[in-house]
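These are my notebook entries on one structure, written down in the order in which I looked things up. I began with a single residue and then moved outwards to the chains and their sheet.

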Amino acid sequence: MTAALSRSTRRLERFAGGPWPFILPGVLLYLALSIYPILYQSYLAMTDMQVTSLSSAQWVGLENFAFLFSDSRFLDAIQFTLLFVLITVPVQYTIAFALALLVDQKLRGRIVFRLTYILPLAISSLIIGLMWRLLMHESAAGFINALLEQLGIGTIPFFSNPNWARFAIFFVNIWSSVGSTMVFLLGGLQTIDVEQLEAATVDGANAWQRFFLIKLPLMRQISGLALIFMFVGTFGIFEKILALTFGGPANATFTIGFYMFATAFGARGAWGTTAGLLGRAAAMGVVMFGVILIFVLLYLWLVMFEREEA
Amino acid sequence: MTRKLSRRAFLRGAALVGAGAMASACAAPQAPAAPQVVTQIVKETAVVKETAVVKETSVVEKVIEKVVTATPAPAKAVKKVVVRYMCPTWCSTADTRVERQVAFRSVIDSFNSLYGPKGWSVQEIPFDGDAVQLTQQIEQKKVDAIWFNFSEYVTRSRAKQLLALDPVMATVGEDVKKFFPFVQETLLSSDDKKVYALWHNTDTPLYYYNKEKIPTPPAKWNDLVQMCKDIRTKEGGKKYGFVHPFNGWIQMNSGLYLALGGEYLDKTGKPVAFEGKNLEIWKEMFAHYLGLLKNDLVPAGSVNQDQQQMMPDVYAGNVYSFAGNSNYHVRQLKPNLKDAEYKQWTAAPLPYPDKAGKGIYQAGGWMIGAVANPDPDVALAAATWVIHATNETSQSVTNKAGAWIPTRSAILENDQFYKTDPFMQTTLKALQNGHVVPLDPIWGPMSTAIQTALSNAATGKKSVEDALKEASDTTMKEYEALKKK
């Protein structure tokens, strides 16, 4: 017994002396705040839980998923969400990279430029949406249309025309998110060894060659990470749509995130409410999680594949 | 030589500022400023009931064999019951508007003073109106009475969350017949025909118009179209005679569909709104609104606007009439227009289709119910609170503060305010033909589908026929899914 006691004491000492006491609180917090909600949502997705009766939810298996994949509104939402990501992510990345290159230079007042570009980060997404809703209002109340009228160009139907409504969402999302991507890429640019660039200059490389042959390749990993963050953030867009277009007109700006909200909480008010289908909304969340996970795993696999080749 | 700010120093400073901001954010919140005390004379209706004490004397012969000194009975202990009443902030003493604070405070205080000797009191629990939170509190038995939307009446009573009020109502002389007919019908629409809540306030859409620009309000659709054409011809540019929210369209028009002879559900609860003559009615109604858009008689932007989003055009003086909730004169016009401009506005019932004999208008609103509780004392106190909070005096006071319409017929007969205020009179006139939407769970998906169909047709995404076909398919799909539950 004394031998067993001393063995367990030694194990405890090894445990206490190792990294686990430092890692454990963070791991537990991560499990509680990230893994548990994912697992609970997966469970919810297999029930018929509703807003007005939470405890009497019944197990329905894959019924919610079957409904979703035969629902044209959901399929349209997936289509628009993917289109949204495919358009805004590359545009946002390009603009952010250009801005990062600009503010990386030793310009007078570059701090002011940096602050200006990251200012939208300080404003919540909902406020950004409301702000642009007012600016783009389709009447004299809207600053942009008022200005266009003064210039003799005519007004733009930002929210009553489906294509313009989509443009409005793309624009506002890029405007509000480009700052955070710029900061990310700026950090990457500043890790590039200046001596390499100087050596290239001495060897006769011009600005374009230095960019394409040195900076861009060295920024590959940072760019990959930035793209993942942009993909995840853009895929789940919701608040800006809620404030700007409420999914309209004619569901033209319905993304999966917004459809999830509309299914769970609907349009509540004094004159009626939708059913508050939390189970079905959770199923949408699981689908969204699955798509994002596939993308991230694909990226990680490519990175590992590249490392092995190297 | 000037000393430049180094990057390390900047980061240090930024971190200190950030930490300071976090510390102040985590600091205990300041107690909210005490609401301004306003002395307001609230009209009270005193009800004196005469009680007659009749003394009867009778001679009784008794043989006393033993004298026992009676021990005085112990005083009955008063059981303290606190009714935990959960209500959205905007209809509580926590609202920012002083008139609502005072009104709801007076109702709670009157209950506390009336039933204090019994040991009862009310504890108000304001919340943000989130339905999930409300359901959680009910299921965890953390509330005894709730304020909720009328559309949840059948669902919550079916889920056994609410207490039947009939026994307590009978005891205190309350009767569902004292409410408006459409209110009675709704309260008795529970599965077992019992009353599970009392309707506190209602509202309905109205036609608001600037009487200087529109001396006579249009009564029917053709009149409305003619008025819009006249204004466009006369003024043109950014000026319009009318704006209607396309988001929330169904709320303004669900009654007009019935006025044209439409039917939503059959006797078994199956949706029939997209069959036969019902489908033709939707086509007719869509044609009217699409015509307004196509002929530039309403602002094009209204296609994707709700009631609030269309108001900037009204404030800018670009639109001379609109369809809005019956308390919009208080909620929207008065706070956003100058006094002289506000006085130009008045209201009438919404114009109705020419083919319909009259307009029928959707009645919405909010109810107060007692949560089902195994403790009979708590249940009784909660039920009594519900009846008190919706009685004639309470409704008079609180509905005035909220610019809502009370749901009791007697208030209209007795209350000077409701008899003389023009907006209230117009709302009451509209509510004479009030209807309540089906409280069946299929109503939500069906109304959303109709709304989407109109939006699809208005933006040209689909033809009217295809849009309504899609609405029908979506509704039936949802109906089949609901049937499985």
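Is Gly285(A) buried or exposed, and how many other C-beta atoms lie within 10 Å? I worked from a predicted model, in which local features need pLDDT of at least 70. I counted 21 other C-beta atoms within 10 Å of Gly285(A), and since 20 or more is the cut-off for the buried class, I entered Gly285(A) as buried.

Entry on the surroundings of Gly285(A). I placed the residue in helix α14 of chain A, which covers residues 278-309. Setting aside the neighbours within four places in sequence, I found Gly285(A) in contact with Gln41(A) and Met260(A). I also looked up Pro157(A), which is 128 residues from Gly285(A) along the chain, and noted 32 Å between the two C-alpha atoms.

Entry on chain A as a whole. I listed 14 helices and 0 strands for chain A. Its radius of gyration came out at 25 Å, whereas the globule rule gives 19 Å for 310 residues, so I noted chain A as more spread out than a compact globule. Along the principal axes, the C-alpha trace of chain A spans about 95 × 75 × 35 Å. I noted that 33% of the 310 residues of chain A count as buried, and that, among contacts in chain A with a separation of 6 or more, 67% are between residues 24 or more positions apart.

Entry on the contact between the chains. I found 34 residues of chain A and 42 residues of chain B taking part in it. On the side of chain A that touches chain B, I sorted the residues into 15 nonpolar, 16 polar and 3 charged.

Entry on the sheet of chain B. I traced an open sheet of 6 strands with mixed pairing, in the order β2-β1-β3-β9-β4-β10. The edges are taken by β2 (120-127) and β10 (405-406) of chain B, each of which has a single partner strand, so one side of each is left without a neighbour in the sheet.

I then followed β1(B), residues 81-88, which pairs with β2(B) in the parallel sense over 8 bridges. Among the bridge partners I wrote down Ser121(B) for Val82(B) and Ile125(B) for Met86(B). Between these two strands the chain passes through helix α2 (residues 98-115) of chain B, and I recorded this β-α-β crossover from β1(B) to β2(B) as right-handed. With strand β3 of chain B, residues 145-149, β1(B) also runs parallel, joined by 2 bridges; there I found Met86(B) opposite Ile146(B).

Entry on helix α14 of chain B. Why did I note this helix, residues 392-402, as largely enclosed by the rest of the structure? The reason is that 9 of its 11 residues are buried, including Ser394(B), Val397(B), Asn399(B) and Gly402(B). Looking for what covers the buried residues of α14(B), I found, among others, α2, β4 (198-203), α13 (376-389), β10, α15 (409-414) and α16 (416-420) of chain B. Just after α14(B), I noted that Ala403(B) takes a positive phi of about 60 degrees.

Technical notes. Residues are numbered from 1 along each chain as its sequence is written. Chains are lettered from A and ligands numbered from 1 in the order in which they are written. This is a predicted model: local features need pLDDT of at least 70, side-chain atom pairs count only at pLDDT 80 or more; totals for chains, interfaces and linings use all residues. Two strands pair if DSSP finds at least two bridges between them. Helices (H or I, at least four residues) and strands (E, at least two) are DSSP runs, numbered from the N terminus. A crossover is right-handed if, with the strands pointing away from the viewer, the path from the first strand over the helix to the second runs clockwise. A residue is buried if 20 or more other C-beta atoms lie within 10 Å of its own, exposed if 12 or fewer, and partly exposed in between; C-beta atoms are placed from the backbone. Two residues are in contact if their C-beta atoms, placed from the backbone, lie within 7 Å. The radius of gyration is taken over C-alpha atoms; the globule rule is 2.2 Å times the number of residues to the power 0.38. Ala, Val, Leu, Ile, Met, Phe, Trp, Tyr, Cys and Pro count as nonpolar, Asp, Glu, Lys and Arg as charged, and the others, Gly among them, as polar.
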